Every structure is written in structure tokens, then in C-alpha cells.
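Me: I've got a chain to look through and could use a second pair of eyes. Can we go over it together?

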Amino acid sequence: MAFVVGENCIKCKYTDCVAVCPVDAFFEGPNFLAIDPLICIDCGLCEPECPATAIFQEDKLPPGQEGFVALNAELVKLWPNIREVKPAPADADAWNGVADKLQHLEY
């Protein structure tokens with residue numbers, strides 16, 4: 001069972017999680033990260049590294065975020081792999097914890 005990036009990553013896109021991933025399972029979009037479920041080895045190292053608490057084991061997603069399993073799997077096919085930590089967006093802290101951010105997801 002893979003880990004999944006959930007809604008709170010949108011517009012936060014902290015990349016601390018990328019640094020600890022032993023299999024380079026993260027992919028980067030304009031304002032969101034996604035985990036490739038075929039690459040993820042379910043090690044769990046990324047989950048505690050996320051300042052936005054936006055990474056969950058697939059079967060422990062918060063209610064209403066189940067669609068992020070398929071969304072992560074779809075987006076990794078479109079976006080480049082990310083292997084290094086990058087600075088978070090300047091307004092990331094302001095977006096951290098904001099509800100209903102799916103409408104702000106950029107492809």
C-alpha cells in the first residue's frame with residue numbers, strides 16, 4: 001500500500017519529503033507534489049517530514065480525500081520526477097491548513 005499526497009499540499013508544496021524518499025517516488029507539479037504508487041515502497045519516511053501534514057498511507061486518508069489516490073497516480077504520469085529539496089512557495093505558510101484547496105490545483 002503506497003503513501004499518498006493529500007489536499008493540504010496544494011499551494012504549500014514543501015519538498016522536505018523528497019529528501020528522505022529512498023526510491024525517488026515524488027513528482028512535482030506547479031503547486032503540488034504527487035507520489036507514484038508503483039514506485040513507493042511504503043517505507044513511511046516521508047510522512048513525518050511533511051510540514052503540512054499532507055502525506056498519508058493510502059488506507060488512512062482523511063475522509064473526503066479518497067480521490068487523491070487516483071489523482072496522485074494520474075499526475076505522476078504528467079509531471080517530472082523531483083529528487084532534491086526546493087524552497088517552498090513564498091506564501092506556503094499562509095496556505096497551510098486552508099480547507100477546500102482542490103480548486104487551486106494547477107496541472
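Reply: Sure. One term up front: contact here means heavy atoms within 4.5 Å. This is a predicted model, where local features need pLDDT of at least 70, side-chain atom pairs count only at pLDDT 80 or more, and totals for chains, interfaces and linings use all residues. Residues are numbered from 1 along each chain as its sequence is written, and side-chain values use heavy atoms, with hydrogens and water left out.

Me: OK, with that in hand, which residues is Phe-32 in contact with, leaving aside neighbours within four places in sequence?

Reply: Val-5, Gly-6, Cys-9, Ile-10, Lys-13, Phe-27, Phe-68, Asn-72, Leu-75, Trp-79 and Leu-105.

Me: Back up a bit. How many helices and strands are there?

Reply: Three helices and four strands. Helices (H or I, at least four residues) and strands (E, at least two) are DSSP runs, numbered from the N terminus. The pattern along the sequence reads β-α-β-β-β-α-α.

Me: And what's the radius of gyration of the chain?

Reply: It's 12 Å, which agrees with the value near 13 Å for a compact globule of 107 residues. That radius is taken over C-alpha atoms, and the globule rule is 2.2 Å times the number of residues to the power 0.38. Along the principal axes, the C-alpha atoms fill a box of roughly 30 × 30 × 25 Å.

Me: How much of the contact count comes from residues 24 or more positions apart?

Reply: Taking contacts with a separation of 6 or more, 75% are between residues 24 or more positions apart.

Me: What share of the residues counts as buried?

Reply: 46% of the 107. Buried means under 20% relative accessible area, exposed over 50%, and partly exposed in between (1.4 Å probe, protein chains only).

Me: And which residues touch the most other members of the largest nonpolar core?

Reply: Phe-26, Phe-32, Ile-35 and Ile-55, in a core of 35 residues. At least two core residues each come from strand 1 (3-5), helix 1 (16-20), strand 2 (26-28), strand 3 (33-35), strand 4, helix 2 (67-75) and helix 3 (92-95). A nonpolar core is a set of buried Ala, Val, Leu, Ile, Met, Phe, Trp, Tyr and Cys residues joined through side-chain atoms within 4.5 Å. As a general matter, nonpolar side chains tend to be buried together in soluble globular proteins.

Me: Let's do a couple of alanines. Ala-34, buried or exposed?

Reply: Buried, at 0% relative accessibility. Ala-34 lies in strand 3. Not counting residues up to four places away in sequence, Ala-34 touches Val-5, Ala-25, Phe-26, Phe-27, Asn-72, Leu-75, Val-76 and Trp-79.

Me: Ala-25 is on that list. Where does Ala-25 lie?

Reply: In the loop between helix 1 and strand 2. Ala-25 is buried too, with a relative accessible area of 2%. With residues up to four places away left out, Ala-25 touches Ala-34, Ile-35, Asp-36, Ile-39 and Cys-40. The C-alpha atoms of Ala-25 and Ile-39 are 5.4 Å apart, with the two positions 14 residues apart in sequence numbering.

Me: What about Ala-73, where is that found?

Reply: In helix 2, and Ala-73 counts as partly exposed at 25% relative accessibility. Ala-73 and Asp-59 are 14 residues apart in sequence and 15 Å apart in space, C-alpha to C-alpha.

Me: Switching to backbone. What's phi like at Asp-42?

Reply: Near 60°, a positive value in a residue other than glycine. Most residues other than glycine have a negative phi. Thr-53 also has a positive phi, near 50°.

Me: Where do those two lie?

Reply: Asp-42 lies in the loop between strand 3 and strand 4, and so does Thr-53. Asp-42 is partly exposed at 29% relative accessibility, whereas Thr-53 is exposed at 56%.

Me: Which residues is Gln-57 in contact with, apart from neighbours within four places in sequence?

Reply: Ala-2, Phe-3 and Asp-42. Gln-57 is in strand 4 (residues 55-57) and is buried, at 18% relative accessible area. From Gln-57 to Glu-47 the C-alpha distance is 8.3 Å, at ten residues apart in sequence.

Me: Last one: how many positive and negative side chains?

Reply: 7 positive and 17 negative, with the centres of the two sets 5 Å apart. Lys and Arg count as positive and Asp and Glu as negative, while His and the chain ends are not counted. The place of a charge is taken as NZ of Lys, CZ of Arg, CG of Asp or CD of Glu.
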